[in-house]
Amino acid sequence: MKTAREDSGKTGFASRLGARTALTATMLALLALVPLYAAVTGDPFALTLFTRIVIMAIAAVSLDLIMGYGGMVSFGHAAYLGIGGYAVGILWKEGIVSGFVQWPAAIAISALLALVVGALSLRTRGVYFIMITLAFAQMIYYVAQGLDRYGGDDGLTIGQRSSFAGLIDLNNNTLFYYICFAALIGSIYLVSRIVNSRFGLVIQGARSNERRMRAIGFPVFRYRLVCFVIAGALCGFAGALLANHTNFISPAIMFWTRSGDLMVIVILGGLGTPFGPVIGAVVYLILEEALSRVTEYSGLFLGPALLLVAIYLRGGIAGLFRRNAP
Amino acid sequence: MAALNPRHAWAPTRGAPTGALGSQGDEQMLYFVEQCLNGVQLGMLLFLLAAGLTLIFGIMDLVNLAHGSLYMLGAYFAATFAAVTGSFVLGALLALLATAASGMVLEVIAIRPLYGRPHLDHVLGTFGLILFFNDLVRRIWGPDGMTLSLPSEMLRAFQILPGVYYPLYRLVIILVTLAVAALLYLLVMRTRLGMLIRAGASNREMVGALGINIKLLYTLVFGLGASLAGFAGLMQAPILTVQIGMGENILILAFVVIVIGGIGSIRGAFVAALIVGLLDTLGRAFLPDLLRAVLSTDAALTLAPALSSMSIYMLMATVLVIRPEGLFPAASR
Amino acid sequence: MSAPLLRVEGLTKRFGGVVAADSVALDLAAGEFHAVIGPNGAGKSTLVALLCGETAPDGGSIRFDGGDITRYAADRRSRLGLARSFQISSLFADFTALDNVALAVQAHAGHSFYFWRDARCDPVLREPAMASLAAVGLEARAGTRVDRLSHGEHRQLEIAVALASKPRLLLLDEPMAGLGSDETARMTALLQELKGAITVLLIEHDMETVFALADRITVLVYGRVIASGDPAAIRADAAVREAYLGEQDAHAGA
């Protein structure tokens, strides 16, 4: 028996009529047309910028899974971008250029790291959890800095993009963009299926009322850990894409302020919504880019803007359109 | 003016120690003592930061990422005022006042609206403040950072034990911060304000209902936290750094201290800060050689810097496994 | 005589200097409707927390169906068949009533590592949940978000959630809390239906309900059991009258 649609609170991939859907659809359509725009205007920069936006949106989707739906405020999520990127970079440096090895490795190592960090961090909650994930990410940053063989603090220039035995040529930037875009759509779909599954309801329930979850018989820790691992793996995948995009990887991508950027993106777009991360990535990164063109001191404007969003814009931008805000 | 003893070089606490270790036990011992003191010194600085953070969190339930920015402001103010007045002490005092004032203004304008909100809102808002302050400092003082020089008497090596020398200024840091810690303890445990602070931490509404001006109390507490941060910033300015982004680097360490010590506990912050300061300093100083003794030189050289910076995080992980609420959970304040 | 479903022996809990539970002993036979009463501050909440696994005792033991569950975590006890309702409603506010109950069903339907199918469309979860809602009279409000339900409906939902896991022991913590007279009557009728069908441990303040429903009553004062027996015996017990019923006498004129 299906629940009544009205007030159902279902978080769905299926669209709901309203301004939010219109905004999202428009945005996705525009994103799909970016390569066309770049080709027509002869300006490759738009393509570069939006490829980065799409990749960061994937990372944001993974963070939204644990933070928006799961209530686990991980302040160290950018570490997985780095892990994924370094997996690609290190394998390349050691002579393994096949994407068939690099990308699964990026995902697997990120998942493994998330397992370890999660197993330790999820024993805590609230502010402790925030600080601990932050500290672990910073630790990984320092480790990367110490990897002299792979560039240390200066980073590693990756000579070539992942090779897929001639099946796909990632050097074609337009093709690469569409691969990233498809990955984004796929990630959003995947996450939306997860959050509405039995597993997802446990995660959401634990966010809503952890005490109640235990009282009805759920061993919450193991579910959260698995969720954390999934998010880490997805973010590692985004990291592999990022390393391919920039042909470069450095510890800077893992510095804790980059994790902050990711959090801002997710919050700005609207926590716990399917397309919020995309909205957030587009808005935040374009804003950042635009500001940096206008002024040398973008922080003077971006900073207070974030503060104002925190104070006045509960639920982020997507929340502006949400019908039944509590 | 006594010359600096060249054997015990004026090495910064962070980074690799200068000079090769002699094989003589004496030099080793002296070096060890020196590093221990450096560790205590770092620990005391961390304590100042952590104490402010944990106070603000314990009383106002606010996660303040911009705490590092106040630390940075303290350093920049000190460098500027010292240059203007020509006196380090005067510059330091003015900087302390300026940072306290900045903190309180910040609290009224930007922090107040965040009270009672979910922590995520705090994270977002204070993260914005970090971006703001970094660029503000860059706009006012330029990107290059500053230096703050000490009066020459401070530079000499002080003999704390026969044959054991330690830079005087570093000793001053340790002693002064210990005094501040003692004052803080007195303030929180023995004064009326401290009583209000402790009461406000356990029951905000009640304190408000008793007619105490909660808003003012919070502003004062925030100002106190800002002063502690600024004080740490200006104290370390002559020997470590005055540059943009310095707050973020040390903020992480402060977080680790708080997690280990227990959120809301000043005592916990003190113990944890000392542990972290010592572990980090001694780790960086001795771990490379320890590793070299056990592994091949190449492996040791690659692993050493990574492992030494990791040591405190490993400690944090261990504490988390054994005692997730910290060494001194807030129940014992 | 078969072993009791629940046996509590010497259960003790101290908070600093306060002894919230002082060597509490309690026995529940299967199918019994047992009430625990006591004035405010008697230690009822502590007892509930101890029985449900939210707090660890300083001494004593809890045996459920013969097994020692004293150190078990709350979720493990629930999976063994010990369901509870909360004194202050603790529900999933941003979910619908049906979602709330369905989650309880889900918790007892094996593991939940299923990542793909929509759990809200799964009849294995939804149908028993709906039945549970119907049992408490909330089926009309199934699709309504919990934060839009009335307080009385919250209390009903608490029972529905507890029932959904098909428990062997139902621990109800002051289910009448904050209810008006109509709602109290409805709740009493509901509890009357449960009587006999399921083993119930009722923590309650409301004397009328307790005397109407309970097979046996335990009286708690300052953390200690001062009397335990059937309603008639309790009514007659001098210590109980003094400690508790004396005040009620003045109110109810009983």
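Here is a walk through a predicted model, starting with chain B, moving on to where chain A meets it, and ending with the sheet in chain C.

Let's begin with chain B, whose secondary structure comes to 12 helices and two strands. Reading from the N terminus, five helices come before the two strands and seven come after them, in the order α-α-α-α-α-β-β-α-α-α-α-α-α-α. Chain B has 333 residues, and 48% of them count as buried. If you take the contacts in chain B with a separation of 6 or more, 77% link residues 24 or more positions apart.

The two strands of chain B pair up as a hairpin with two residues between them. Strand E1 (residues 157–161) of chain B runs antiparallel to strand E2 (residues 164–167) of chain B, and four bridges join them. For one concrete pairing, look at B:Ala157, whose bridge partner in E2(B) is B:Pro167. While you're there, check the backbone of B:Gly163, which takes a positive phi near 80 degrees.

Now for the contact between chains A and B. Chain A puts in 38 residues and chain B puts in 39. On the chain A side, the elements that give two or more residues are helix H5 (126–145), helix H10 (256–269) and helix H12 (299–312) of chain A. The largest share comes from H5(A), with 13 residues. What sort of residues does chain A bring to the side that touches chain B? They divide into 27 nonpolar, nine polar and two charged.

Staying in chain A, look at how two of its helices pack. Helix H2 (residues 44–69) and helix H6 (residues 173–196) of chain A have axes that come within 9 Å and cross at roughly 15 degrees. Angles under 35 degrees count as roughly parallel, so H2(A) is roughly parallel to H6(A). The crossing of H2(A) past H6(A) is left-handed. On the H2(A) side, the contact residues include A:Leu47, A:Phe50, A:Val54, A:Ile58, A:Val61 and A:Leu65. An α-helix has 3.6 residues a turn, so residues three or four places apart point the same way. From H6(A), the contact residues include A:Phe176, A:Cys180, A:Leu184, A:Ile188 and A:Val191. Overall, the residues of this contact divide into 19 nonpolar, three polar and no charged.

Next comes helix H7 (residues 198–208) of chain A, which is mostly covered, with 11 of its 11 residues buried. Among them are A:Arg198 and A:Arg207, along with A:Phe199 and A:Leu201. The buried residues of H7(A) pack against H2, H6, helix H8 (210–216) and helix H9 (220–246) of chain A, and also against helix H3 (97–107) of chain C.

That takes us over to chain C, where six strands form an open sheet with mixed pairing, in the order E6-E7-E8-E3-E9-E10. Its edge strands, each pairing on one side only, are strand E6 (82–85) and strand E10 (224–229) of chain C. From one strand to the next, the twist averages 15 degrees. Within the sheet, strand E3 (residues 33–37) and strand E9 (residues 216–221) of chain C pair in the parallel sense over four bridges. There, C:Ala35 has C:Ile217 in E9(C) as its bridge partner.

Helices pack on this sheet too. Helix H1 (residues 44–52) of chain C touches E3, E6, E7, E8 and E9 of chain C, and its direction makes about 150 degrees with that of E7(C). Helix H5 (residues 151–164) of chain C lies across E6 and E7 of chain C, running at about 170 degrees to E6(C).

Methods. Residues are numbered from 1 along each chain as its sequence is written. Chains are lettered from A and ligands numbered from 1 in the order in which they are written. This is a predicted model: local features need pLDDT of at least 70, side-chain atom pairs count only at pLDDT 80 or more; totals for chains, interfaces and linings use all residues. Two residues are in contact if their C-beta atoms, placed from the backbone, lie within 7 Å. Ala, Val, Leu, Ile, Met, Phe, Trp, Tyr, Cys and Pro count as nonpolar, Asp, Glu, Lys and Arg as charged, and the others, Gly among them, as polar. A residue is buried if 20 or more other C-beta atoms lie within 10 Å of its own, exposed if 12 or fewer, and partly exposed in between; C-beta atoms are placed from the backbone. Axes are lines fitted to C-alpha atoms, for helices over the stretch in contact, and angles run from 0 to 180 degrees between N-to-C directions. Angles under 35 degrees count as roughly parallel, over 145 as roughly antiparallel, 65 to 115 as roughly perpendicular and the rest as oblique. A crossing is left-handed if the near helix is turned anticlockwise from the far one by less than a right angle, and right-handed if clockwise. Two strands pair if DSSP finds at least two bridges between them.
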